[in-house]
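Here is a short report on one chain. It goes from a sheet and its helix to a side chain, two backbone angles and the domains.

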Amino acid sequence: MTDLSDLQASFEHAFGSRPTFVVRAPGRVNLIGEHTDYNDGFVFPAAIDYDVRIAGRPRDDGEVRLWSALFGRRARFMLGSGRRSRRGGWSNYVRGVGVILASEGYPLRGMDAVVTGTVPLSSGLSSSAALEVASCLAYEVAGDFSIEPKRRALLCQRAEREYVGVQCGIMDQFISSLGRADHALMIDTRSLDYRPVPLPSSGVSIVIGNTNKPRGLVDSAYNERRAQCEEGVALLQDALPGIRALRDVAPSDLERHAAELDPVVLRRCRHVVLENERVLDSVRALEAGDLDRFGLLMNESHDSLRDDYEVSCAELDAMVEAARGVEGVYGSRMTGAGFGGCTVSLVADSAVEEFQSAVGAEYRRRTGREATFYVCRASAGAERLL
Ligand code: GLA
(Lines give C-alpha, C1' and ligand atoms only; values in the text may rest on other atoms or scores of the structure.)
Protein backbone atom coordinates (compact mmCIF):
# COMPACT_ATOMS: atom_id res chain seq x y z
CA MET A 1 0.00 0.00 0.00
CA THR A 2 2.03 2.92 -1.21
CA ASP A 3 -0.63 5.05 -2.77
CA LEU A 4 -0.90 8.35 -0.91
CA SER A 5 -4.67 8.29 -0.74
CA ASP A 6 -4.64 4.73 0.65
CA LEU A 7 -2.16 5.81 3.28
CA GLN A 8 -4.30 8.82 4.20
CA ALA A 9 -7.36 6.59 4.43
CA SER A 10 -5.47 4.16 6.62
CA PHE A 11 -4.45 7.03 8.91
CA GLU A 12 -8.05 8.23 9.16
CA HIS A 13 -9.17 4.75 9.99
CA ALA A 14 -6.54 4.33 12.71
CA PHE A 15 -6.70 7.80 14.26
CA GLY A 16 -9.97 9.38 13.16
CA SER A 17 -8.44 12.46 11.48
CA ARG A 18 -6.36 13.43 8.44
CA PRO A 19 -2.56 13.19 8.57
CA THR A 20 -0.75 16.51 8.26
CA PHE A 21 2.31 15.02 6.60
CA VAL A 22 3.62 12.00 4.72
CA VAL A 23 7.31 11.13 4.40
CA ARG A 24 9.20 8.36 2.64
CA ALA A 25 12.68 6.85 2.86
CA PRO A 26 13.94 4.19 0.43
CA GLY A 27 15.66 0.85 0.85
CA ARG A 28 18.88 0.27 -1.06
CA VAL A 29 20.80 -2.10 -3.23
CA ASN A 30 24.55 -2.06 -2.96
CA LEU A 31 26.13 -2.53 -6.40
CA ILE A 32 29.60 -3.25 -5.02
CA GLY A 33 31.66 -2.54 -1.90
CA GLU A 34 30.42 -5.00 0.70
CA HIS A 35 31.57 -5.05 4.32
CA THR A 36 33.89 -2.15 3.57
CA ASP A 37 31.94 0.64 5.28
CA TYR A 38 32.93 -0.22 8.85
CA ASN A 39 36.53 -0.34 7.63
CA ASP A 40 36.46 3.33 6.53
CA GLY A 41 36.29 2.12 2.92
CA PHE A 42 34.26 2.74 -0.24
CA VAL A 43 30.74 1.63 -1.12
CA PHE A 44 28.59 2.08 -4.23
CA PRO A 45 24.89 1.73 -3.40
CA ALA A 46 21.72 3.05 -5.04
CA ALA A 47 18.45 3.88 -3.31
CA ILE A 48 15.63 1.76 -4.75
CA ASP A 49 12.03 2.45 -5.61
CA TYR A 50 10.82 0.41 -2.64
CA ASP A 51 10.38 2.49 0.47
CA VAL A 52 8.99 3.00 3.97
CA ARG A 53 6.26 5.63 4.28
CA ILE A 54 4.98 7.33 7.37
CA ALA A 55 1.82 9.42 7.52
CA GLY A 56 1.66 11.49 10.67
CA ARG A 57 0.08 14.23 12.70
CA PRO A 58 1.78 15.93 15.67
CA ARG A 59 0.43 15.52 19.21
CA ASP A 60 0.89 17.87 22.13
CA ASP A 61 1.23 15.37 24.95
CA GLY A 62 4.65 13.87 24.11
CA GLU A 63 3.19 10.52 23.19
CA VAL A 64 3.97 8.60 19.99
CA ARG A 65 1.17 6.34 18.83
CA LEU A 66 1.96 4.07 15.94
CA TRP A 67 -0.08 1.84 13.70
CA SER A 68 1.81 -0.57 11.46
CA ALA A 69 -0.31 -1.10 8.38
CA LEU A 70 2.04 -3.94 7.42
CA PHE A 71 1.80 -5.93 10.62
CA GLY A 72 -1.65 -4.77 11.72
CA ARG A 73 -0.26 -3.81 15.12
CA ARG A 74 -0.27 -0.81 17.39
CA ALA A 75 2.53 0.49 19.58
CA ARG A 76 2.76 3.52 21.84
CA PHE A 77 5.42 5.15 23.96
CA MET A 78 6.26 8.45 25.61
CA LEU A 79 9.08 10.47 24.10
CA GLY A 80 12.04 10.34 26.40
CA SER A 81 11.32 6.81 27.56
CA GLY A 82 14.21 4.68 26.38
CA ARG A 83 12.57 1.37 27.18
CA ARG A 84 12.63 -1.17 24.41
CA SER A 85 9.47 -3.09 23.67
CA ARG A 86 9.96 -6.82 23.57
CA ARG A 87 6.94 -7.40 21.37
CA GLY A 88 7.13 -4.43 19.04
CA GLY A 89 10.35 -5.16 17.10
CA TRP A 90 9.45 -2.74 14.33
CA SER A 91 8.49 0.03 16.73
CA ASN A 92 11.91 -0.11 18.39
CA TYR A 93 13.43 1.55 15.32
CA VAL A 94 11.05 4.48 15.73
CA ARG A 95 11.71 4.62 19.47
CA GLY A 96 15.46 4.30 18.99
CA VAL A 97 15.61 7.26 16.62
CA GLY A 98 13.50 9.27 19.09
CA VAL A 99 15.88 8.43 21.94
CA ILE A 100 18.92 9.54 19.94
CA LEU A 101 17.26 12.76 18.73
CA ALA A 102 16.14 13.58 22.29
CA SER A 103 19.66 13.00 23.60
CA GLU A 104 20.90 15.51 21.03
CA GLY A 105 18.40 18.11 22.23
CA TYR A 106 16.12 18.27 19.18
CA PRO A 107 12.67 19.71 20.02
CA LEU A 108 10.66 16.53 19.53
CA ARG A 109 6.90 16.44 19.50
CA GLY A 110 4.71 13.39 19.91
CA MET A 111 2.71 12.17 16.94
CA ASP A 112 0.13 9.76 15.66
CA ALA A 113 1.64 7.87 12.77
CA VAL A 114 0.84 5.10 10.34
CA VAL A 115 3.88 3.18 9.14
CA THR A 116 3.84 1.17 5.96
CA GLY A 117 6.25 0.15 3.25
CA THR A 118 7.23 -1.91 0.27
CA VAL A 119 10.85 -2.76 1.12
CA PRO A 120 10.96 -6.55 1.46
CA LEU A 121 11.75 -7.40 5.09
CA SER A 122 14.77 -9.42 6.24
CA SER A 123 16.11 -9.53 2.72
CA GLY A 124 19.21 -7.37 2.85
CA LEU A 125 17.60 -4.33 1.19
CA SER A 126 17.78 -2.21 4.35
CA SER A 127 14.17 -2.01 5.42
CA SER A 128 15.40 -1.14 8.90
CA ALA A 129 17.56 1.77 7.74
CA ALA A 130 14.61 2.98 5.64
CA LEU A 131 12.38 2.84 8.73
CA GLU A 132 14.95 4.71 10.80
CA VAL A 133 15.44 7.44 8.21
CA ALA A 134 11.69 7.78 7.59
CA SER A 135 11.14 8.00 11.36
CA CYS A 136 13.78 10.69 11.66
CA LEU A 137 12.16 12.73 8.92
CA ALA A 138 8.74 12.25 10.56
CA TYR A 139 10.12 13.60 13.86
CA GLU A 140 11.63 16.53 11.95
CA VAL A 141 8.36 17.44 10.27
CA ALA A 142 6.27 16.89 13.42
CA GLY A 143 8.68 18.98 15.51
CA ASP A 144 9.21 21.62 12.81
CA PHE A 145 12.98 21.33 12.65
CA SER A 146 15.27 19.92 10.00
CA ILE A 147 18.46 17.93 10.06
CA GLU A 148 21.07 18.06 7.32
CA PRO A 149 20.89 14.72 5.42
CA LYS A 150 24.40 13.45 6.29
CA ARG A 151 23.84 14.21 9.95
CA ARG A 152 20.46 12.48 9.73
CA ALA A 153 22.21 9.38 8.42
CA LEU A 154 24.73 9.46 11.28
CA LEU A 155 22.01 9.85 13.91
CA CYS A 156 20.05 6.94 12.45
CA GLN A 157 23.19 4.82 12.38
CA ARG A 158 23.64 5.61 16.08
CA ALA A 159 20.10 4.46 16.75
CA GLU A 160 20.87 1.15 15.04
CA ARG A 161 24.13 0.69 16.93
CA GLU A 162 23.19 1.93 20.36
CA TYR A 163 19.55 0.99 20.48
CA VAL A 164 19.11 -2.00 18.20
CA GLY A 165 22.60 -3.42 18.86
CA VAL A 166 24.00 -4.03 15.35
CA GLN A 167 27.43 -2.44 14.93
CA CYS A 168 26.59 -1.42 11.36
CA GLY A 169 28.48 0.94 9.10
CA ILE A 170 27.04 4.11 7.59
CA MET A 171 26.09 2.88 4.10
CA ASP A 172 22.42 2.02 4.53
CA GLN A 173 21.31 5.12 6.40
CA PHE A 174 23.46 7.31 4.17
CA ILE A 175 21.98 6.12 0.89
CA SER A 176 18.44 6.13 2.30
CA SER A 177 18.93 9.74 3.35
CA LEU A 178 20.93 11.03 0.34
CA GLY A 179 20.05 8.75 -2.59
CA ARG A 180 19.56 10.32 -6.00
CA ALA A 181 17.17 9.24 -8.77
CA ASP A 182 18.87 7.33 -11.60
CA HIS A 183 22.25 7.45 -9.82
CA ALA A 184 24.34 5.28 -7.55
CA LEU A 185 26.51 7.05 -4.98
CA MET A 186 30.19 6.34 -4.59
CA ILE A 187 30.64 7.04 -0.89
CA ASP A 188 33.90 7.44 0.96
CA THR A 189 32.75 6.23 4.36
CA ARG A 190 35.68 7.89 6.13
CA SER A 191 35.21 11.46 4.94
CA LEU A 192 31.52 10.98 4.00
CA ASP A 193 32.27 12.68 0.70
CA TYR A 194 30.26 11.15 -2.09
CA ARG A 195 29.90 11.26 -5.84
CA PRO A 196 26.65 10.56 -7.69
CA VAL A 197 27.35 8.38 -10.72
CA PRO A 198 24.62 8.16 -13.38
CA LEU A 199 23.36 4.66 -14.10
CA PRO A 200 22.94 3.73 -17.76
CA SER A 201 19.55 5.10 -18.83
CA SER A 202 18.88 2.36 -21.34
CA GLY A 203 20.21 -0.98 -22.44
CA VAL A 204 20.78 -2.55 -19.02
CA SER A 205 18.81 -3.11 -15.86
CA ILE A 206 19.66 -3.72 -12.26
CA VAL A 207 17.80 -6.84 -11.24
CA ILE A 208 17.50 -7.81 -7.60
CA GLY A 209 16.86 -11.47 -6.88
CA ASN A 210 15.42 -12.34 -3.50
CA THR A 211 16.42 -15.83 -2.35
CA ASN A 212 13.57 -15.67 0.15
CA LYS A 213 15.94 -17.24 2.59
CA PRO A 214 15.60 -15.02 5.63
CA ARG A 215 18.93 -13.84 6.88
CA GLY A 216 19.82 -15.96 9.88
CA LEU A 217 22.37 -15.21 12.60
CA VAL A 218 23.31 -12.12 10.73
CA ASP A 219 23.77 -9.82 13.72
CA SER A 220 26.23 -11.97 15.61
CA ALA A 221 28.19 -12.97 12.49
CA TYR A 222 28.26 -9.33 11.41
CA ASN A 223 29.68 -8.16 14.71
CA GLU A 224 32.19 -11.01 14.59
CA ARG A 225 33.44 -10.01 11.10
CA ARG A 226 33.84 -6.49 12.30
CA ALA A 227 35.91 -7.64 15.28
CA GLN A 228 38.13 -9.75 12.98
CA CYS A 229 38.84 -6.70 10.81
CA GLU A 230 39.78 -4.71 13.90
CA GLU A 231 42.05 -7.53 15.03
CA GLY A 232 43.75 -7.44 11.62
CA VAL A 233 44.34 -3.70 11.91
CA ALA A 234 45.73 -4.05 15.44
CA LEU A 235 48.21 -6.71 14.28
CA LEU A 236 49.22 -4.84 11.14
CA GLN A 237 49.77 -1.62 13.05
CA ASP A 238 53.08 -2.95 14.44
CA ALA A 239 54.50 -3.11 10.93
CA LEU A 240 52.43 -0.28 9.44
CA PRO A 241 52.15 2.32 12.20
CA GLY A 242 50.36 4.88 10.00
CA ILE A 243 47.20 2.81 9.47
CA ARG A 244 43.93 3.48 11.25
CA ALA A 245 41.68 1.05 9.39
CA LEU A 246 41.83 -1.53 6.60
CA ARG A 247 41.13 1.37 4.28
CA ASP A 248 44.73 2.41 4.75
CA VAL A 249 46.21 -0.97 3.82
CA ALA A 250 47.36 -1.50 0.23
CA PRO A 251 47.07 -5.00 -1.25
CA SER A 252 50.87 -5.21 -1.49
CA ASP A 253 51.24 -4.30 2.22
CA LEU A 254 48.84 -7.04 3.15
CA GLU A 255 50.71 -9.62 1.11
CA ARG A 256 54.00 -8.56 2.66
CA HIS A 257 52.69 -9.04 6.19
CA ALA A 258 50.44 -12.01 5.51
CA ALA A 259 52.48 -14.34 7.71
CA GLU A 260 51.86 -12.16 10.75
CA LEU A 261 48.11 -12.73 10.62
CA ASP A 262 46.00 -15.65 11.64
CA PRO A 263 44.79 -17.31 8.38
CA VAL A 264 41.11 -16.49 8.97
CA VAL A 265 41.87 -12.88 9.84
CA LEU A 266 44.08 -12.67 6.75
CA ARG A 267 41.23 -13.79 4.51
CA ARG A 268 38.84 -11.28 6.09
CA CYS A 269 41.39 -8.50 5.57
CA ARG A 270 42.09 -9.58 2.00
CA HIS A 271 38.43 -9.32 1.11
CA VAL A 272 38.16 -5.78 2.47
CA VAL A 273 41.42 -4.51 0.99
CA LEU A 274 40.66 -5.85 -2.50
CA GLU A 275 36.98 -4.92 -2.33
CA ASN A 276 37.95 -1.29 -1.80
CA GLU A 277 40.06 -1.45 -4.96
CA ARG A 278 37.16 -3.04 -6.82
CA VAL A 279 34.81 -0.21 -5.88
CA LEU A 280 37.16 2.44 -7.27
CA ASP A 281 37.75 0.33 -10.34
CA SER A 282 34.06 -0.32 -10.93
CA VAL A 283 33.16 3.36 -10.70
CA ARG A 284 35.78 4.11 -13.33
CA ALA A 285 34.40 1.29 -15.48
CA LEU A 286 30.82 2.54 -15.21
CA GLU A 287 31.84 6.09 -16.01
CA ALA A 288 33.67 4.82 -19.07
CA GLY A 289 30.64 2.78 -20.11
CA ASP A 290 32.60 -0.47 -19.71
CA LEU A 291 29.83 -2.76 -18.46
CA ASP A 292 31.83 -5.92 -19.10
CA ARG A 293 34.47 -4.75 -16.66
CA PHE A 294 31.84 -3.64 -14.16
CA GLY A 295 30.21 -7.08 -14.32
CA LEU A 296 33.52 -8.85 -13.89
CA LEU A 297 34.19 -6.86 -10.74
CA MET A 298 30.74 -7.74 -9.40
CA ASN A 299 31.56 -11.41 -9.95
CA GLU A 300 34.92 -11.07 -8.20
CA SER A 301 33.23 -9.33 -5.30
CA HIS A 302 30.83 -12.22 -4.83
CA ASP A 303 33.55 -14.84 -5.00
CA SER A 304 35.55 -12.97 -2.39
CA LEU A 305 32.52 -12.64 -0.08
CA ARG A 306 31.90 -16.36 -0.50
CA ASP A 307 35.45 -17.64 -0.07
CA ASP A 308 37.36 -15.08 1.97
CA TYR A 309 34.73 -13.23 3.97
CA GLU A 310 32.42 -16.25 4.26
CA VAL A 311 29.15 -14.37 4.44
CA SER A 312 27.38 -16.00 1.50
CA CYS A 313 25.21 -19.12 1.76
CA ALA A 314 24.06 -21.98 -0.48
CA GLU A 315 20.98 -20.07 -1.68
CA LEU A 316 22.90 -16.93 -2.63
CA ASP A 317 25.58 -18.98 -4.38
CA ALA A 318 22.97 -20.99 -6.30
CA MET A 319 21.23 -17.85 -7.49
CA VAL A 320 24.45 -16.13 -8.50
CA GLU A 321 25.64 -19.19 -10.41
CA ALA A 322 22.31 -19.50 -12.18
CA ALA A 323 22.45 -15.82 -13.12
CA ARG A 324 25.93 -16.08 -14.52
CA GLY A 325 24.74 -18.85 -16.84
CA VAL A 326 22.25 -16.56 -18.59
CA GLU A 327 23.25 -14.85 -21.82
CA GLY A 328 23.15 -11.06 -21.42
CA VAL A 329 24.20 -11.03 -17.75
CA TYR A 330 27.24 -8.84 -17.15
CA GLY A 331 27.74 -9.81 -13.52
CA SER A 332 25.98 -11.05 -10.42
CA ARG A 333 26.71 -10.98 -6.70
CA MET A 334 25.14 -11.11 -3.28
CA THR A 335 24.21 -7.69 -1.90
CA GLY A 336 24.00 -6.50 1.70
CA ALA A 337 25.31 -8.22 4.80
CA GLY A 338 24.80 -11.77 3.48
CA PHE A 339 23.67 -15.09 5.02
CA GLY A 340 20.52 -14.98 2.89
CA GLY A 341 18.68 -12.05 1.39
CA CYS A 342 19.25 -10.82 -2.14
CA THR A 343 21.54 -10.89 -5.14
CA VAL A 344 22.07 -8.03 -7.57
CA SER A 345 22.74 -8.59 -11.26
CA LEU A 346 23.48 -6.30 -14.16
CA VAL A 347 21.40 -7.60 -17.05
CA ALA A 348 20.95 -6.48 -20.66
CA ASP A 349 17.38 -5.19 -21.06
CA SER A 350 16.76 -7.72 -23.80
CA ALA A 351 17.61 -10.56 -21.39
CA VAL A 352 15.61 -9.46 -18.34
CA GLU A 353 12.60 -11.68 -19.02
CA GLU A 354 14.68 -14.72 -19.82
CA PHE A 355 16.76 -13.97 -16.73
CA GLN A 356 13.77 -14.12 -14.43
CA SER A 357 12.40 -17.36 -15.80
CA ALA A 358 15.74 -19.15 -16.20
CA VAL A 359 17.21 -18.08 -12.85
CA GLY A 360 13.89 -18.70 -11.10
CA ALA A 361 13.68 -22.23 -12.49
CA GLU A 362 17.30 -23.13 -11.82
CA TYR A 363 17.13 -21.66 -8.32
CA ARG A 364 13.99 -23.68 -7.58
CA ARG A 365 15.62 -26.83 -8.90
CA ARG A 366 18.71 -26.35 -6.76
CA THR A 367 17.17 -25.14 -3.51
CA GLY A 368 13.47 -26.00 -3.56
CA ARG A 369 12.70 -22.32 -2.93
CA GLU A 370 10.87 -19.72 -4.97
CA ALA A 371 12.82 -16.61 -5.95
CA THR A 372 11.31 -13.13 -6.30
CA PHE A 373 12.74 -10.58 -8.73
CA TYR A 374 12.62 -6.81 -8.70
CA VAL A 375 13.75 -4.83 -11.72
CA CYS A 376 14.59 -1.63 -9.96
CA ARG A 377 15.15 2.02 -10.66
CA ALA A 378 17.44 4.15 -8.57
CA SER A 379 15.27 6.52 -6.57
CA ALA A 380 15.67 9.72 -4.58
CA GLY A 381 16.56 9.64 -0.89
CA ALA A 382 14.27 10.55 2.01
CA GLU A 383 11.68 13.21 1.24
CA ARG A 384 8.43 14.69 2.35
CA LEU A 385 5.57 13.81 0.03
CA LEU A 386 2.80 15.78 1.75
C1 GLA B 1 24.68 -4.12 6.43
C2 GLA B 1 25.18 -2.90 7.23
C3 GLA B 1 26.00 -1.98 6.33
C4 GLA B 1 27.09 -2.74 5.58
C5 GLA B 1 26.52 -4.00 4.92
C6 GLA B 1 27.60 -4.87 4.35
O7 GLA B 1 23.78 -3.71 5.46
O8 GLA B 1 24.10 -2.19 7.79
O9 GLA B 1 26.53 -0.94 7.12
O10 GLA B 1 28.15 -3.05 6.45
O11 GLA B 1 25.78 -4.78 5.83
O12 GLA B 1 28.25 -4.22 3.31
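## Sheet, helix and domains

Helix H8, residues 263-287, lies across strands S2, S7 and S8. Its direction makes an angle of about 40 degrees with S8. The model is a predicted one.

The three strands form an open sheet. Their order is S2-S7-S8, and the pairing is antiparallel. Strand S2 (42-43) and strand S8 (194-198) are the edge strands, and each pairs on one side only. Strand S7 covers residues 183-188. Two bridges join S2 to S7, and these strands run antiparallel. In this pairing, phenylalanine 42 stands opposite aspartate 188 of S7.

**Two loops with positive phi**

Most residues other than glycine have a negative phi. Two aspartates in this chain have a positive value, as the table shows.

| Residue | Phi | Loop |
|---|---|---|
| Aspartate 40 | about 65 degrees | between strand S1 (21-30) and S2 |
| Aspartate 182 | near 65 degrees | between helix H5 (171-178) and S7 |

Is aspartate 182 buried or exposed, or does it fall in between? Its relative accessibility is 35%, so aspartate 182 counts as partly exposed. The cut-offs are under 20% for buried and over 50% for exposed.

**Glutamate 140**

Glutamate 140 lies in helix H3, which spans residues 127-143. Its relative accessibility is 3%, so glutamate 140 counts as buried. What does its side chain meet? A polar atom of that side chain lies 3.0 Å from the backbone nitrogen of isoleucine 147. Neighbours within four places in sequence are left aside in the contact list of glutamate 140. That list holds Phe145, Ser146, Ile147 and Arg152.

**Two domains**

The domain assignment splits the chain in two parts. Domain 1 takes in 4-199 + 380-384, and domain 2 takes in 205-376. Their C-alpha centres lie 26 Å apart.

How many residues are in contact between the domains? On the domain 1 side there are 38, and on the domain 2 side there are 44. The size of an interface is often given as the accessible area lost when the parts come together. Between domain 1 and domain 2, the buried area is about 3500 Å². Carbon and sulfur atoms give 62% of that area.

Notes: Residues numbered from 1 in each chain as written. Predicted model: local features only at pLDDT ≥ 70, side-chain atom pairs only at ≥ 80, totals over all residues. Heavy atoms only, no water. Pairing = 2+ DSSP bridges. Helix = DSSP H or I, 4+ residues; strand = E, 2+ residues; numbered from the N terminus. Contact = heavy atoms within 4.5 Å. Axes fitted to C-alpha atoms, helices over the stretch in contact; angles between N-to-C directions. Buried < 20%, exposed > 50% of the residue type's maximum accessible area, 1.4 Å probe, protein only. Polar contact = N/O pair within 3.5 Å; in protein donor to acceptor, adjacent residues only side chain to side chain. Domains from an automatic or database assignment. Buried area = accessible area lost by both parts, 1.4 Å probe.
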